[in-house]
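Let's take a walk through a protein fold together, one helix at a time. Keep the picture open while you read, and try to find each residue as it comes up.

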Amino acid sequence: MVKSKASIFSGFFWKFNEQITGQLVSFIVSIVLARILAPKEYGVVALVNVFVIIMEVFVTTGFSSALIQKKNATRLDFSTLFHCSLVFSIFLYIIIFLCSGLIARFYHNDDLIPVIKVLSLRLPISAFNSIQMAYVSRHMAFKKIFSSTTIATVASGVLGIALAYMNFGVWALVWQGLTSVLFQTLVLFLEIPWRPYLEFSISEAKVLMNYGWKVLAANFLGTFFLQFRSLIIGRFYNAADLAYYNRGSRFPELISNNVDGTISSVLFPALSQYSDNLDKLKEMTRRSMRMSSFVIFPLMFGMAVAAKPITILLLTKKWLPSVPFMQCLCIAFCFST
């Protein structure tokens, strides 16, 4: 039990550091890019991300969650779900590739077609990365996520800024987003011993998916309704308006993801040890909710009050239309923790 507590504490420490470092570097990069690029260019990528983010739920959430929660996941289990995830991600990429014209017409913007085809390459890369993350979570080796996230965020950020300064416009954001997950996958490939093998079990796939589809469904609904707002704004307004909305959500999301992401990422594999003890599960869940609320509430209300000066200082006045979005979303995030 002492060893378990030490592992959980170490997991919290490294996961929190990973969240803080990764988000801080990403935050700095996004500020630099926002000062260089126009809101419309941000909006174009945001339009495409609506579909890419929803599709990513299918190839990451359910498969990795099933591996983390299983008490005795074997090499066969990992290989089985890796092949399922990879094949499914390629299938989804083909669909979104073929539907790129329809998506562009939906938004009345033909410039989206090449962006959709390139940015959607995240799907098969994310499929590989999700199994790596499941392996790291099962072994509570969050130090490896810390190093891979830091390297990937810095490398992709430098690439994005360089492309923006060279007037690549929207493609600076596209390649930054694509290479971020690619670099993390490559670093983890070098850091962890897990490798995919040419082995597959239909019976194990059925058992794992019996749990995974429930998590997938829950996450899909949550992600869909979060992205639905962006879809509506992009459809009935324009790319710049969507950029203001997304930029306004960036600051409260930064806080929420750091606090909730750290707690849930570490707590989920720890909770799997008590899957047969309902009282213990309830106790640990209540404790995590109290902890996150205690931190998030004062931070969110403070940010809502200081939204305008923060925007002018960090993003310049061209992003002032994002202030009302930031204030509203700060309040909303308080009650979504």
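**Helices that pack, cross and pair up**

Start with H6 and H8: these two helices pack at an angle of about 40°, and their axes are 9 Å apart. With that angle, H6 counts as oblique to H8. Keep in mind that you're looking at a predicted model. Which residues make the contact? On the H6 side you'll find Arg122, Ile125, Ser126, Phe128, Asn129, Gln132, Met133 and Val136, and they meet Gly177, Leu178, Val181, Leu182, Gln184, Thr185, Leu188 and Phe189 of H8. The crossing of H6 and H8 is left-handed.

H8 has another partner to look at. The axes of H5 (residues 112-119) and H8 come within 10 Å and cross at roughly 15°. Angles under 35 degrees count as roughly parallel, so H5 is described as roughly parallel to H8. Here the crossing is right-handed. To find the spot, look for Pro114, Val115, Val118 and Leu119 in H5, which meet Trp171, Val174, Trp175 and Leu178 in H8. You've seen Leu178 before: that residue of H8 is also part of the contact with H6.

Now zoom out for a moment. How many helices and strands does the chain have? The tally is 13 helices and zero strands, so the pattern along the sequence is simply α after α. Of the 337 residues in the chain, 49% are buried. And if you take the contacts with a separation of 6 or more, 85% of them are between residues 24 or more positions apart.

Next, the charged pairs. Side chains of opposite charge can pair when their charged atoms come close. Searching the whole structure turns up two salt bridges. One of them joins Arg122 to Glu56, with 3.2 Å between the closest N and O atoms. This pair links distant parts of the chain, since Arg122 is in H6 (residues 122-138) and Glu56 is in H2 (residues 39-69), 66 residues apart. Are these two residues buried or exposed? Arg122 has a relative accessible area of 18%, so it is buried, and Glu56, at 13%, counts as buried too.

The other salt bridge brings together the side chains of Glu199 and Arg75, at 3.0 Å from N to O. Glu199 sits in the loop between H8 (170-191) and H9 (202-236), while Arg75 belongs to H3 (residues 75-98), so this bridge ties together parts that are 124 residues apart in sequence. Arg75 is partly exposed, because its relative accessible area is 45%.

Finish at H12 (residues 307-315), where Ala307, Thr311 and Leu315 are buried. Why do these buried residues line one face of the helix? Looking down the axis of H12, you'd see them fall within an arc of 35°, so they share one face. The numbering fits a simple rule: an α-helix has 3.6 residues a turn, so residues three or four places apart point the same way. Swing round to the face turned away from the buried side of H12, and you'll meet the exposed residues Pro309 and Leu313. Just after H12 comes Thr316, which takes a positive phi of about 80°.

Conventions
Residues numbered from 1 in each chain as written. Predicted model: local features only at pLDDT ≥ 70, side-chain atom pairs only at ≥ 80, totals over all residues. Heavy atoms only, no water. Salt bridge = Lys/Arg side-chain N within 4 Å of Asp/Glu carboxyl O. Helix = DSSP H or I, 4+ residues; strand = E, 2+ residues; numbered from the N terminus. Buried < 20%, exposed > 50% of the residue type's maximum accessible area, 1.4 Å probe, protein only. Arc of directions from axis to C-beta. Axes fitted to C-alpha atoms, helices over the stretch in contact; angles between N-to-C directions. Parallel < 35°, antiparallel > 145°, perpendicular 65-115°, else oblique. Left-handed = near helix turned anticlockwise from the far one by under 90°. Contact = heavy atoms within 4.5 Å.
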